[in-house]
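Colleague: I am new to this structure and would like to learn how to read it, feature by feature. Could we go through it together?

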Amino acid sequence: MKTTLSITAAIAVGFVGYVLWPGTDQPTPSQEAEVAVADKALADIVLPDTLSVNAQIGKRGFEANCATCHGTNAVGQDGVAPPLIHIIYEPSHHGDESFQRAVTMGVRGHHWPFGSMPPIEGLNRGDVTMITAYIREVQRANGIN
């Protein structure tokens with residue numbers, strides 16, 4: 001009885017340690033499937049015919065502060081950062097405040113195998129609001145509402 005209890009306790013402790021142990025950022029099969037979707041999204045977006053004034057301002061802000069990682073027109077870059085023109089970033093899953101928080105505090109990698117995003121210096125809430133307006137208009141042009 002003591003042996004069975006000891007073995008069960010050791011297995012439970014091992015399982016808890018495994019679950020809580022920091023990951024190595026290796027993609028899981030579902031993450032690999034998301035990357036396959038992202039690879040397609042990297043090449044296949046539609047740009048809106050026109051942008052609102054706020055989105056035009058946001059596009060300039062995006063190009064200056066975000067495109068280095070997230071790519072031109074937010075299509076992502078393979079091995080660098082995810083596309084923001086993707087269903088994962090639809091407003092009902094990642095609201096506008098998510099973009100504010102990502103810029104201010106950074107983001108722990110959780111949807112993609114790209115690692116974590118650091119905070120971005122030099123942008124205020126108004127800047128991020130305009131950048132978000134640009135991202136949302138491009139998303140809508142691609143059926144992401």
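Modeller: What follows is a walk from the overall fold to a few single residues, and please keep in mind throughout that this is a predicted model.

Colleague: Let me begin with the fold: how many helices and how many strands are there in the protein?

Modeller: The protein has six helices and zero strands, and reading along the sequence therefore gives the pattern α-α-α-α-α-α, with helices and strands numbered from the N terminus. Of the 145 residues in the protein, 30% are buried. Where contacts join residues at least 6 apart in sequence, 66% of them link residues at least 24 apart.

Colleague: Which residues have the most contacts inside the largest nonpolar core?

Modeller: That core holds 19 residues, and Phe62, Leu84 and Ile135 are the ones with the most contacts inside it. Helix 3 (53-65), helix 5 and helix 6 (125-141) are the elements that each give two or more residues to this core, and helix 6 supplies the largest share, namely five residues. Taking isoleucine 135 as a case, and leaving aside neighbours within four places in sequence, one finds contacts with Phe62, Leu84, Ile85 and Phe99.

Colleague: Next I would like to read the largest pocket; what is its volume, roughly, and which residues lie nearest its centre?

Modeller: The volume of the largest pocket is about 710 Å³. Its lining is made of 36 residues, and those nearest the centre are His70, Leu84, Ala102, Val107 and Met117. Helix 3, helix 4, helix 5 and helix 6 are the elements that give two or more residues to this lining, with the largest share, six residues, coming from helix 5. When the lining of the largest pocket is sorted by class, there are 22 nonpolar, twelve polar and two charged residues. Leu84 thus appears in two places, since it is among the residues with the most contacts inside the largest nonpolar core and also among those nearest the centre of the largest pocket.

Colleague: Turning to the cysteines, how many disulfides does the structure hold?

Modeller: The structure holds zero disulfides. For cysteine 66, the nearest cysteine sulfur belongs to cysteine 69 and is 8.7 Å away. A disulfide needs two cysteine sulfur atoms within 2.5 Å, so the sulfur of cysteine 69, at 8.7 Å from that of cysteine 66, is too far for a bond.

Colleague: Are these two cysteines buried or exposed?

Modeller: Cysteine 66 counts as buried because its relative accessibility is 13%, where under 20% is what buried requires. Cysteine 69, by contrast, counts as partly exposed at 40% relative accessibility.

Colleague: How should I read a phi angle, and which residues here deserve a look?

Modeller: The general idea is that most residues other than glycine have a negative phi. In this structure, asparagine 73 has a phi near 60°, a positive value in a residue other than glycine. Alanine 74 likewise has a positive phi, of about 65°, although it is not a glycine.

Colleague: Where is asparagine 73 found, and what does it touch?

Modeller: Asparagine 73 is found in the loop between helix 4 (67-70) and helix 5 (96-105), and alanine 74 has its place in the loop between helix 4 and helix 5 as well. Asparagine 73 counts as buried because its relative accessibility is 16%, and alanine 74 is buried with a relative accessible area of 0%. Not counting residues up to four places away in sequence, asparagine 73 touches Ile45, Leu47, Lys59, Phe62, Ile85, Tyr134 and Val138.

Colleague: Could you finish with residues on the exposed side?

Modeller: Arginine 60, found in helix 3, is exposed because its relative accessible area is 53%, the cut-off being over 50%. The C-alpha atoms of arginine 60 and tyrosine 134 are separated by 9.2 Å, although these residues are 74 apart along the chain. Serine 116 is found in the loop between helix 5 and helix 6, and is exposed with a relative accessible area of 52%. Leaving aside neighbours within four places in sequence, serine 116 is in contact with Val107, Arg108 and Gly109, while serine 116 and glycine 106, ten residues apart in sequence, are 7.4 Å apart from C-alpha to C-alpha.

Definitions and conventions:
Residues are numbered from 1 along each chain as its sequence is written. This is a predicted model: local features need pLDDT of at least 70, side-chain atom pairs count only at pLDDT 80 or more; totals for chains, interfaces and linings use all residues. Side-chain values use heavy atoms; hydrogens and water are left out. Helices (H or I, at least four residues) and strands (E, at least two) are DSSP runs, numbered from the N terminus. Buried means under 20% relative accessible area, exposed over 50%, partly exposed in between (1.4 Å probe, protein chains only). Contact means heavy atoms within 4.5 Å. A nonpolar core is a set of buried Ala, Val, Leu, Ile, Met, Phe, Trp, Tyr and Cys residues joined through side-chain atoms within 4.5 Å. On a 1 Å grid over the protein atoms alone, a cavity is a set of points where a 1.4 Å probe fits but cannot get out, and a pocket is an open set with protein on both sides within 12 Å along at least five of seven lines; lining residues have an atom within 4 Å of a point. Grid points are joined across faces, edges and corners, and a volume is the space filled by probe spheres set on the points. Ala, Val, Leu, Ile, Met, Phe, Trp, Tyr, Cys and Pro count as nonpolar, Asp, Glu, Lys and Arg as charged, and the others, Gly among them, as polar.
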